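User: I would like to go through some terms used for this structure and see what each one rests on. Please show it before we start.

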Amino acid sequence: MNPLQRRGLLSAAGFLGAAGAARAAGFGNPDRPAEGAINARLASSKSEPGPNNPALASQFPDFQDPPATDVNGMPLFWASFNNAHKRIQDGGWAREVNQDDFAISEDISGVNMRLSAGGIRELHWHQQAEWAFMLTGNCRITTLDEEGRPSVEDVQAGDLWYFPPGLPHSLQGLGPDGAEFVLAFDNGRSSEFNTLLLTDWMAHTPPEVLAKNFGVPADAFRTIPVDNLWIFQGEVPKDLAGDRRDARVVPGAQQVIYRLSAASPQRQTRGGSVRIADSRHFPISKTVAAALETISPGGLREMHWHPNADEWAMVLKGQARVTVFNTGPKAVTADFKPGDVWYIKKSLGHYVENTGSDEFQVISVYKSERFAEVSLSDWLTHLPPDMVRRTLNLDPSVIARFPTGRPDFLPV
Ligand code: MN
Ligand code: MN
């Protein structure tokens, strides 16, 4: 049932006042200011006779017809990889959602990348940390730590990697069908199209300096690329043990990968489950905490907020709606599907409601060494009940039925 139908039923039942007239301010329809279709008496107050694109408009039921509890004036917190420019080269592609196009996304820049089997994201580094979640396939990653210790690892769907700021790395798709993953940089201004590339540095260093630096004649570098490669097609690499041996890997480097999907959920109810990976579980990941959440059909990720960091999230499966609450009061509701991204500022209240008939899944990241959250029902059940009763004008027997102990996902 869509919100309009639901509201129609509620008003037919007299729940929100007399039908046919502008609805009086009340529960579900606050009046400062009175917003939402429920307050419009004439059909022409709600119709949209001007130009529109039905295919696109149909993706956003809560923008087209916001709940009467929404109040306009919040910055857009919806973005998507689905309409991001895709840079395609032989060997793979990438697209990104960063602060250039998504103003609210101050702390995190998101990248979605595909590498074919053998496809190489060329040797590079950047000023930001790089966190990643594998979506499909298999990928080989290499890096070097500050002590000069190399790592060569293979990752698959559901795995994470983390490269601290400035440490050099490479990525390569493996068989049978390469890899696709999502990256998060811990700075909203970062770009995958503006990284420090090995080929660029070599081509822009005087040949006599290359000769001195590497102890070989300058002429030996005559064949290096003069333009960067960024992504290019290579050969599927040999077995992991062989590559580790050739890269002179010795034990001792900190683990740069974490198998998030294979970890046990920290929380599981009938409504859903969450797997968290922050520096307590994945010690190298000092600037990015992550949560992989699954919400059952009909389930709700409870009303909560994060006291320590903004939330950046990418939908993996299913569909959901999210409302963000801010001072003012202001509130905005948006709808999300796979490949869409949301961004919620630190401490702003929100929930996630599965609006589809299938499981909903989302991966979220926070620029912090740890995941932290405040649950609304947890707070309200850990106060003197009289305080809650007097504030919300609720019968104590109602408050006594609130879930305790941070349910995370409803139903419990
Ligand atoms: Mn990188
Ligand atoms: Mn959240």
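Analyst: Domain bounds come from an automatic or database domain assignment. This is a predicted model, in which local features need pLDDT of at least 70, side-chain atom pairs count only at pLDDT 80 or more, and totals for chains, interfaces and linings use all residues. Residues are numbered from 1 along each chain as its sequence is written, chains are lettered from A and ligands numbered from 1 in the order in which they are written, and side-chain values use heavy atoms, with hydrogens and water left out.

User: Which domains does the protein chain have, and how far apart are the C-alpha centres of domain 1 and domain 3?

Analyst: The assignment gives domain 1 (35-68), domain 2 (90-258) and domain 3 (267-410). The C-alpha centres of domain 1 and domain 3 are 27 Å apart. Contact means heavy atoms within 4.5 Å, and 6 residues from domain 1 and 6 residues from domain 3 take part in it.

User: What makes His304 a donor of the manganese ion (ligand 2)?

Analyst: Donors are N, O and S atoms within 2.8 Å of the metal (3.2 Å for Na, K and Ca); water is not among the atoms, so sites may look incomplete. The protein donors here are His304 (NE2), His306 (NE2), Glu311 (OE) and His350 (NE2), at 2.1 to 2.2 Å, so His304 meets the 2.8 Å limit. Their spacing along the sequence is H-x1-H-x4-E-x38-H. Glu311 belongs to strand β18 (residues 311-317) and His350 to strand β22 (residues 349-354), so this pair ties together parts 39 residues apart in sequence. Strands (E, at least two residues) and helices (H or I, at least four) are DSSP runs, numbered from the N terminus.

User: Why is Glu311 called buried?

Analyst: Buried means under 20% relative accessible area, exposed over 50%, and partly exposed in between (1.4 Å probe, protein chains only). Glu311 has 4% relative accessibility, so Glu311 counts as buried. His350, with 3%, is buried too.

User: Which residues coordinate the manganese ion (ligand 1)?

Analyst: His124 (NE2), His126 (NE2), Glu130 (OE) and His169 (NE2) coordinate that ion, at 2.0 to 2.2 Å. The spacing of these donors along the chain is H-x1-H-x3-E-x38-H. Both His126 and Glu130 are buried.
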